[in-house]
Amino acid sequence: MGDRQPLGISPYYGSHSEHPRSATVRRYGSDQSGTKTYTFNSLGYRGSEPSPAAKARILTSGCSYTFGEGLDYHEAWVTQFAGRYARHRGLDAKDVDLINLAQGGASNDYIARTVLPHLERVEPDLVVILFTYKSRAEVMLDDPGHPPLVASLGPWTVDPGPNRGAPSPDQARHAAVLAEGASHYYLTYTDDSGLINALKNMLLVQLTCRAAGVDYLFSWVEHGLLEGLPEHPNPIVRELASCLDRERFCPTAPTDRDRQVDLAPDGVHPGPLSNAQFASDLLAAWLSR
């Protein structure tokens, strides 16, 4: 597999403004502690440059938990899992190419739309994904005089919280467009519509991995909902849920009460020990399929 080339990896295109290419920053999203380092490759993704000489390749995408917000990258579950995966395969960690397309605040829409076009381009040995909250979404908003705005919608768009400083004119314009888009989206949002959207995104990735012959493993921060889906009152939810390959689901997440044993310096995200436990859970789930 070492002769594969990581051709066609698209540069980062998302809603997060703190993805500088070929740069290192000390603050990202909720982590304003200045105690952690965030290094971005030339494509705008966290991590090192894609390696053409890789002996194995892992593709992932996700929200802040997969990005590793509040953590140095070696502490994030993706890096810790890649190390465990390498040892299991008798490889050095540097021989496993970890392509992490995640961004803070991402939705399941973002996860699916970033992973799907890269399955053929990257030819990963394994796709491993922690899906995020069903209430999030990614939409395109009209922004007069500017390129279309990719917007990640979530609780922060309804209640943005304290401002970190006086916004620039561009930031104020962005916030106004985002607030209008959020008000339109959540006007018709229901728990069932969010759940259906999450399931559709999971199935899109699952079926595309199968069609491409790519190994895959999923988890979900709201995995506790899975148990009740076969008896869900909505027939659309039941039908979609019946198509999920539950043998490819890790039954834990780093945000679980019994898994989140520490916090990152931002006081919001799971800490290094929680991420290490989840990485071990993922490896065990992958080996038990």
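Helix H3 (residues 108-115) has company on many sides: what covers its buried residues includes strand S3 (56-60), helix H4 (118-122), strand S5 (126-131), strand S6 (137-141), helix H7 (191-212) and strand S8 (215-220). Covering here rests on contact, meaning heavy atoms within 4.5 Å. Helices (H or I, at least four residues) and strands (E, at least two) are DSSP runs, numbered from the N terminus.

A word on the source: this is a predicted model, in which local features need pLDDT of at least 70 and side-chain atom pairs count only at pLDDT 80 or more, while totals for chains, interfaces and linings use all residues. Residues are numbered from 1 along each chain as its sequence is written, and side-chain values use heavy atoms, with hydrogens and water left out.

Back to H3. Seven of its eight residues are buried, so the helix is largely enclosed by the rest of the structure. Buried means under 20% relative accessible area, exposed over 50%, and partly exposed in between (1.4 Å probe, protein chains only). The buried residues of H3 are Asn-108, Asp-109, Tyr-110, Ile-111, Ala-112, Thr-114 and Val-115. At the start of this helix, Ser-107 brings a side-chain oxygen to within 3.3 Å of the backbone nitrogen of Asp-109.

Now to the charged side chains. The structure holds 15 salt bridges, each defined as a side-chain nitrogen of Lys or Arg within 4 Å of a carboxyl oxygen of Asp or Glu. Among them are these three:

| Salt bridge | Closest N and O atoms |
|---|---|
| Asp-95 and Lys-55 | 3.9 Å |
| Arg-248 and Asp-245 | 3.8 Å |
| Asp-258 and Arg-259 | 3.4 Å |

Take Asp-95 and Lys-55, which form a salt bridge. Asp-95 sits in the loop between helix H2 (77-88) and strand S4 (96-100), and Lys-55 in the loop between strand S2 (38-40) and S3, so the pair ties together parts that are 40 residues apart in sequence. Asp-95 counts as buried because its relative accessibility is 16%, whereas Lys-55, at 46%, counts as partly exposed.

The other two pairs also join residues from separate accessibility classes. Arg-248 counts as partly exposed at 22% relative accessibility, and its partner Asp-245 as buried at 18%. Asp-258 counts as exposed at 53%, while Arg-259 is buried at 18%.

Which residues share a network of salt bridges with Arg-248? Arg-210, Asp-215, Asp-245 and Arg-289 are linked with Arg-248 in that network.

Methods
A polar contact is a pair of N or O atoms within 3.5 Å; within protein, one must be able to donate a hydrogen and the other to accept it, and residues adjacent in sequence count only if both atoms are side-chain atoms.
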